[in-house]
Amino acid sequence: MSLKYAVLAALLEGEASGYELSKVFDVSLANFWPATPQQLYRELERLARDGLIEARVVQQERRPNKRLFTLTETGRRELSAFAAEPPHRPAALRDEFLIKIQAMDTAGPEATRALVEERMSWARGKLARYERVRENFLDGRTEEQYLAEADRIGPYLTLMGGITLETDTVRWCERVLAVLQRRAPLS
């Protein structure tokens, strides 16, 4: 899959500038499809050239003009076809951190402990951001109310996946630290 479909899916929320899309990626898509602002801007140009999105310029006072992008009907149809087809292959996890854990016996427990604590801190930070996004989605409603009433639930469901992933990461890190603590006298 290319960045193309992630951008098209993000535009389902409505018209957005490249800057706004980069913020959407930071908050909701980065956990499973990261992209730099430069990649996003290149992809927006490609999608506009291919007729999958349209751009309009908004004149601004005291700021550079801004381009806002929206899905075209062609883009919506292509995204719909993409969403209906099965993935070509299961996701492959490539994580340098896990290679370091695999090789931890060569580095020693203190170095590993520091890496695990850092990963746990990152996961907790992401969880805090995700919880703020979740509260914005819910806007005083229960999760059940939101899922029954919202026009679109895909972004919320992917957010739930991110929350689950980071919660499990924190739990796993806590377990690793407990194992390292128990093994400390053996070192």
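## Positive phi in two loops

Arg62 is exposed, with a relative accessible area of 85%. The model is predicted. Arg62 sits in the loop that runs between strand 2 (53-58) and strand 3 (66-71). Its phi is near 60 degrees, a positive value in a residue other than glycine. Most residues other than glycine have a negative phi.

Asp139 also has a positive phi, near 50 degrees, and is likewise not a glycine. Asp139 belongs to the loop between helix 6 (109-138) and helix 7 (143-149). Is Asp139 buried or exposed? At 63% relative accessibility, Asp139 is exposed, since the cut-off for that class is over 50%.

## Strand pairing

Which strands pair with strand 3? Strand 1 (residues 16-17) does, in the antiparallel sense, over 2 bridges. Strand 2 is joined to strand 3 by 6 bridges, and these two also run antiparallel.

Individual partners fix the register. Ala16 stands opposite Phe69 of strand 3. Val57 has Arg67 in strand 3 as its bridge partner. The loop between strand 2 and strand 3 is the one that holds Arg62.

## A salt bridge between helices 1 and 4

How many salt bridges does the structure hold? There are 14. One of them is formed by the side chains of Lys4 and Glu78, at 2.3 Å from N to O. This pair links distant parts of the chain: Lys4 is in helix 1 (residues 3-10), Glu78 is in helix 4 (residues 73-84), and their positions lie 74 residues apart in numbering.

The two partners fall into separate accessibility classes. Lys4 has a relative accessible area of 18%, so Lys4 is buried. Glu78, with 24%, is partly exposed. The dividing value here is 20% relative accessible area. Side chains of opposite charge can pair when their charged atoms come close.

## A salt bridge within helix 6

The side chains of Arg113 and Glu110 meet in another salt bridge, 2.3 Å from N to O. Why are these two separated by about one helical turn? Because they are 3 residues apart in helix 6.

Arg113 is buried, with a relative accessible area of 12%. Glu110 is exposed, at 55% relative accessibility. The bridge therefore joins a buried residue to an exposed one.

## A salt-bridge network

Arg134 and Glu143 form a salt bridge through their side chains, with an N to O distance of 3.5 Å. This pair is part of a wider set: salt bridges that share partners join Glu131, Arg134, Glu135 and Glu143 into one network. Glu143 is partly exposed, with a relative accessible area of 22%.

The loop that contains Asp139 lies between helix 6 (109-138) and helix 7 (143-149). The network includes Arg134 and Glu143.

## A nonpolar surface patch

Which residues make the nonpolar surface patch? Leu93, Leu98 and Trp172 do, and the patch covers about 310 Å².

Leu93 is found in the loop between helix 4 and helix 5 (96-102). Leu93 is exposed, because its relative accessibility is 70%. Helix 4 is also the element that carries Glu78, the partner of Lys4.

Methods: Residues numbered from 1 in each chain as written. Predicted model: local features only at pLDDT ≥ 70, side-chain atom pairs only at ≥ 80, totals over all residues. Heavy atoms only, no water. Helix = DSSP H or I, 4+ residues; strand = E, 2+ residues; numbered from the N terminus. Buried < 20%, exposed > 50% of the residue type's maximum accessible area, 1.4 Å probe, protein only. Pairing = 2+ DSSP bridges. Salt bridge = Lys/Arg side-chain N within 4 Å of Asp/Glu carboxyl O. Patch = residues over 30% accessible without salt bridge, like charges linked within 9 Å, V, L, I, M, F, W, Y side chains within 5 Å. Areas by Shrake-Rupley, 256 points an atom, 1.4 Å probe, with all protein chains shown as cover.
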